[in-house]
Every structure is written in structure tokens, then in C-alpha cells.
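Hi everyone, thanks for making the time this morning. I'd like to walk you through one model, and you are welcome to follow along on the screen.

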Amino acid sequence: MRQVAVELNQPTTAFLHDRRLRWFTPTSELPLCGHATLAAAHVLYETGSVGTTEPVVFETTAGPLRARSEDGLVWVGFTPVALREETVPGPVLEALDLDDAVWFGCNDHEYVVMLDTADQVEAVRPDLARIRRLPVSRILVTAAGGDDVDFTSRVFAPVRGLDEDQVTGSAHAVLGPFWAERLGRRRFDALQASSRRGRLRVIVGDGHIDVGGHAVTLARGEWAI
């Protein structure tokens, strides 16, 4: 499966058999990938393998993942991910070429850096070699506001073969609760300001996060393996 992902050379390739779902970058297998899960659900709905009113539950290494189709979007359900506030480490600022941050938090897998404005998020120019040396798998940079949205983010995960991820559903399981606490809301329009600029909707529930987005089928074909 990784060899196929290498050949396709996309940020993430999803492999689906029955309801078993796995995700690979060109360099490694991912423990969780939201946008590839959304794409897998989109294919099932579009091909009629699943009725448009039926939810889909995928079996994954991260546990069951539930997807549904509603209001023209595919929604994927996540478990909220907590952060602990800490003083921003110097190597993180150096890796992002920043002088300071408004807020910094982390868990065992990621760092979250909050900046003053969405423009500052878009202006970040990361040093990927420095990020690779940090003891986490990814860095999320975020700020309130943006291009007609409630918050903006970018996600850097070079250690997993994703220098900058295009759209990251699982990151919003972290950012949804984070911004719900700060903005006093539970529903958000979000922008991931990668070069492809992905827009998402986020609903923060009690013990779950729903992330919704659009999917488009670009091609159909067969692989000879």
C-alpha cells in the first residue's frame, strides 16, 4: 500500500476494503486522517454503495470513525483532543521564524501555536528541517478570523511526509475545542490556509467533534498491481 502511495505521490492515499480503512503518505502510514476518510465516504455515497441517508462507520487503527452525508457535505466524527498550556519553546519559534506567540499548547503528538491574526498565520515560513527535529509529529498554527471564517490554521508535519498538509480534518478535533473555549461558540467556519486553501465546517458537541467538507471525484480507473 505504501508503494501505491509513493506512486500516486499525494499527501495521503486512503485504502478501503469493506469498511476497513487505512491511510498512507508517500513515506509512512498515518494513525488518523480526516480528509481521506471524508473522501472514502464520498466515494461510497457517490457510487451508491451506501444510501445518502445512512451513516458509514469505518474500522481504523484509531478506532471506529463515523461519517455521514448532510446538507451537501460529508461529515466525519472525531473525539475531542485536549491541550495543556505551556511556555512556547525557543526551538518552536525558530522553526516557524517567529519572535513570539500569543499562546502555546501541546499534547503528546502535536504543538499548537496561536498568533494574533490570520495574516500572520498565512505569512509563516517554516524551517522544515527544524520542525523534523521537534519531538512531535506536527505543528498547528492558528488565529481567529480570516477570509470570511471564524478561524484560520496551517498544519506542518514533515516527519510524516507532509511538509504542509492541504486540509487536515483530525487537526480540527484539536482546534474545534480550542476555539470553542475562546470564542464561546460551538459552530465554526474554518479555513486551512495551505496553497490549496481548504474550507471546513466544525461543530463542537458534548464529547465529539463533527468536521464537514466537500469532496469532488476527479478521476476513475483501475490499477494493475
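I'll talk about the pockets, and then about the aromatic rings.

Please keep in mind that this is a predicted model.

Let's start with the largest pocket. How much space lies in it? The answer is about 1,800 Å³. It is lined by 44 residues, and if you want to centre your view, the closest to the middle are Thr12, Ala39, Ala40, Val43 and Val216.

Which element gives the most to that lining? That would be helix 2, with nine residues. Helix 2 covers residues 34-46, and it is one of several elements that each supply at least two lining residues. The others are helix 1 (2-8), strand 1 (13-17), strand 6 (73-78), strand 13 (198-204) and strand 14 (209-213). For those of you thinking about chemistry, the lining of the largest pocket splits into 23 nonpolar, 15 polar and six charged residues.

Now the second largest pocket, which has a volume of about 480 Å³. Its lining has 28 residues, and Pro31, Leu32, Glu110, Arg138 and Ser170 lie nearest the centre. Helix 2 turns up again here: together with strand 6 and helix 6 (172-183), it gives two or more residues to this lining. By class, the second largest pocket is lined by 15 nonpolar, nine polar and four charged residues.

On to the rings. How many aromatic pairs does a search of the whole structure find? Six. One of them joins Phe15 and Phe24 edge-to-face, with 5.7 Å centre to centre and 85 degrees between the planes. Both Phe15 and Phe24 are buried.

Another pair, Phe151 with Trp179, is stacked, at 5.9 Å between centres and 15 degrees between planes. This one links distant parts of the chain: Phe151 belongs to strand 11 (residues 151-156) and Trp179 to helix 6, and they are 28 residues apart. Phe151 and Trp179 are buried too.

That stacked pair also belongs to a cluster, in which ring pairs link Trp103, Phe151, Phe178, Trp179 and Phe188. And there is a charge to look at here. Arg182 lies over the face of Trp103, 4.8 Å from the ring centre. The charged end of Arg182 also sits over the ring of Phe178, 3.7 Å from its centre. So if you zoom in on one spot after the meeting, try Arg182 with Trp103 and Phe178.

That's all from me, and thanks for listening!

Methods
Residues numbered from 1 in each chain as written. Predicted model: local features only at pLDDT ≥ 70, side-chain atom pairs only at ≥ 80, totals over all residues. Heavy atoms only, no water. 1 Å grid on protein atoms, 1.4 Å probe; cavity = no way out; pocket = protein on both sides within 12 Å on 5 of 7 lines; lining within 4 Å. Points joined across faces, edges and corners; volume = space filled by probe spheres on them. Helix = DSSP H or I, 4+ residues; strand = E, 2+ residues; numbered from the N terminus. Nonpolar A, V, L, I, M, F, W, Y, C, P; charged D, E, K, R; others polar. Phe/Tyr/Trp six-rings, centres within 6.5 Å; stacked < 30°, edge-to-face > 60°. Buried < 20%, exposed > 50% of the residue type's maximum accessible area, 1.4 Å probe, protein only. Lys NZ or Arg CZ within 6 Å of the ring centre and 35° of its normal.
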